[in-house]
Amino acid sequence: MEKSPGRQVAIVGRPNVGKSALFNRLAGRNIAIVHDQPGITRDRISALTRRGREPFTVWDTGGIGGHGETELLDDVRRAADAAMREADLILFVVDAQQGLTPIDEELARLLRRSRRPVILVVNKIDHPKHENLEVDFQRLGFENLAISAAHGRGIDSLVEMIEQLLPPVLPNEKQTNALSLAIVGRPNVGKSSLINAILSDRRTIVSSIPGTTRDAVDIAYRRGPDNFILIDTAGIRPRGKHSSSVEVFSVMRSERTIRRADLCLLVIDATSGVTAQDKKIAGLMQKAQKPSLIVVNKWDLVKPERAAKEALAHLLRQTRDQVFFLPYAPILVASALTGENVDRLFSAIRKIRRAACERLGTGVLNRLLREAFATNPPPTIANQRLKLFYATQAGGESEHALTTPEFILFVNDPQLLGETYARYLEAQIRELQPFVGLPLMLNFRPRSEK
């Protein structure tokens with residue numbers, strides 16, 4: 001695994017002191033789930049913030065010493081410890097209104113041993129009358145600053161302190177825009193395990209308890225010259241099966257993550273095959289018109305000792321038949337547990353990125369579509385028939401070079417176009433240029449016949 005790119009700032013503290021609210025303030029958007037129930041944030045969540053003179057990555061971590069499922073507590077502590085080891089600077093958040101606690105004092109001793117620069121962030125100074133509450137924390141011996149993450153009070157001053165303590169940005173360390181990869185799927189299909197296999201690191205919490213990941217967890221990752229944000233999402237369940245308001249919010253966050261990601265990786269459990277819920281998630285990806293890749297995980301549990309090639313071919317055919325409405329999405333069979341085929345994920349991603357840069361020349365495109373119209377004319381509707389005048393591929397190279405290819409077709413009347421004929425035209429384009437992993441947008445515009 002390669003180190004996360006850029007300058008790193010970790011937010012740590014006991015549960016419910018406002019770490020996630022501070023994270024959202026620094027990130028400039030609501031990423032982490034903010035809730036008054038302790039222990040909501042279990043994983044490390046990252047975001048690139050540009051509030052300072054130079055960008056830096058900020059990490060939210062699970063509350064240390066929190067309550068919740070006993071099986072998860074050690075994992076939460078390990079995730080926070082890892083964030084502190086990798087960070088260039090630590091923001092130690094305490095709750096001014098609750099006062100100094102034994103857990104705060106124990107965590108302060110741990111942070112002093114880390115030998116990292118530390119800013120003691122005294123949170124929940126929501127009103128001037130609360131300012132005297134800051135005094136109690138000065139005996140911890142850290143440089144401190146009073147803020148209100150909920151109201152944005154003191155955030156600009158905090159960013160200035162962060163800039164003073166972070167190392168300077170070297171020319172070859174400039175933060176570049178990363179390709180965001182959303183890892184989506186039902187609970188317990190191996191999404192977090194897949195990310196850990198990519199990172200070769202237990203950065204996300206892997207547990208047999210369904211629903212362990214509540215936030216959409218952003219993980220900065222560099223592979224060779226390329227920067228990525230791996231987004232581990234909460235498992236998406238049918239809406240009638242949510243156990244709490246927090247879980248409902250988590251599922252909504254996962255659906256939003258699909259919309260904001262550059263590329264979606266749908267993880268399917270090979271032992272159960274494609275389920276109705278898998279199809280619904282794939283439908284969300286299709287509706288959002290996202291570049292897509294399907295990963296059939298847990299191949300190690302179904303791979304036979306003999307006739308493995310035949311079993312693999314059968315599994316691929318079966319998956320393609322079930323998710324037929326994403327015909328452009330490559331299907332990869334892998335095992336997060338053994339690491340089999342995990343590296344091939346990035347080979348597939350590179351193919352998708354290359355496909356997003358492909359362009360069909362205007363002359364080639366028009367000859368192709370005119371031949372398609374001649375070979376299979378559109379149906380007559382109300383004594384009229386769709387006529388094509390001209391077609392072109394819109395846009396050019398994007399910031400990520402992973403935009404959905406769009407084709408503009410000037411026709412006599414777009415209302416004469418049926419969905420079946422639109423799919424036929426898309427198929428003709430893909431025969432010439434497959435645009436692997438990418439949905440196609442066919443934009444029909446009216447143009448008068450001269």
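**Note on helix packing and cores**

1. Helices H11 and H12 cross in a right-handed sense (right-handed if the near helix is turned clockwise from the far one by less than a right angle, left-handed if anticlockwise). The contact (heavy atoms within 4.5 Å) is made by residues including Leu368 and Phe373 of H11 and Tyr424 and Ile429 of H12. Its residues divide into eleven nonpolar, two polar and no charged.

2. The model is predicted: local features need pLDDT of at least 70 and side-chain atom pairs pLDDT 80 or more, while totals for chains, interfaces and linings use all residues. Residues are numbered from 1 along each chain as its sequence is written, and side-chain values use heavy atoms, leaving out hydrogens and water.

3. H11 covers residues 362-375 and H12 residues 419-432; they pack at about 130 degrees with axes 10 Å apart. H11 and H12 are therefore oblique to each other (angles outside under 35, over 145 and 65 to 115 degrees).

4. The protein has twelve helices and 17 strands (DSSP runs: H or I of at least four residues, and E of at least two). Of its 450 residues, 51% are buried (under 20% relative accessible area, 1.4 Å probe, protein chains only).

5. The largest nonpolar core (buried Ala, Val, Leu, Ile, Met, Phe, Trp, Tyr and Cys joined through side-chain atoms within 4.5 Å) has 51 residues, and Leu425 and Ile429 are among those with the most contacts inside it. Helix H10 (residues 344-357) gives the largest share of this core, seven residues. Apart from it lies another core of 25 residues, including Phe56 and Val121.

Note on methods. Buried means under 20% relative accessible area, exposed over 50%, partly exposed in between (1.4 Å probe, protein chains only). Axes are lines fitted to C-alpha atoms, for helices over the stretch in contact, and angles run from 0 to 180 degrees between N-to-C directions. Ala, Val, Leu, Ile, Met, Phe, Trp, Tyr, Cys and Pro count as nonpolar, Asp, Glu, Lys and Arg as charged, and the others, Gly among them, as polar.
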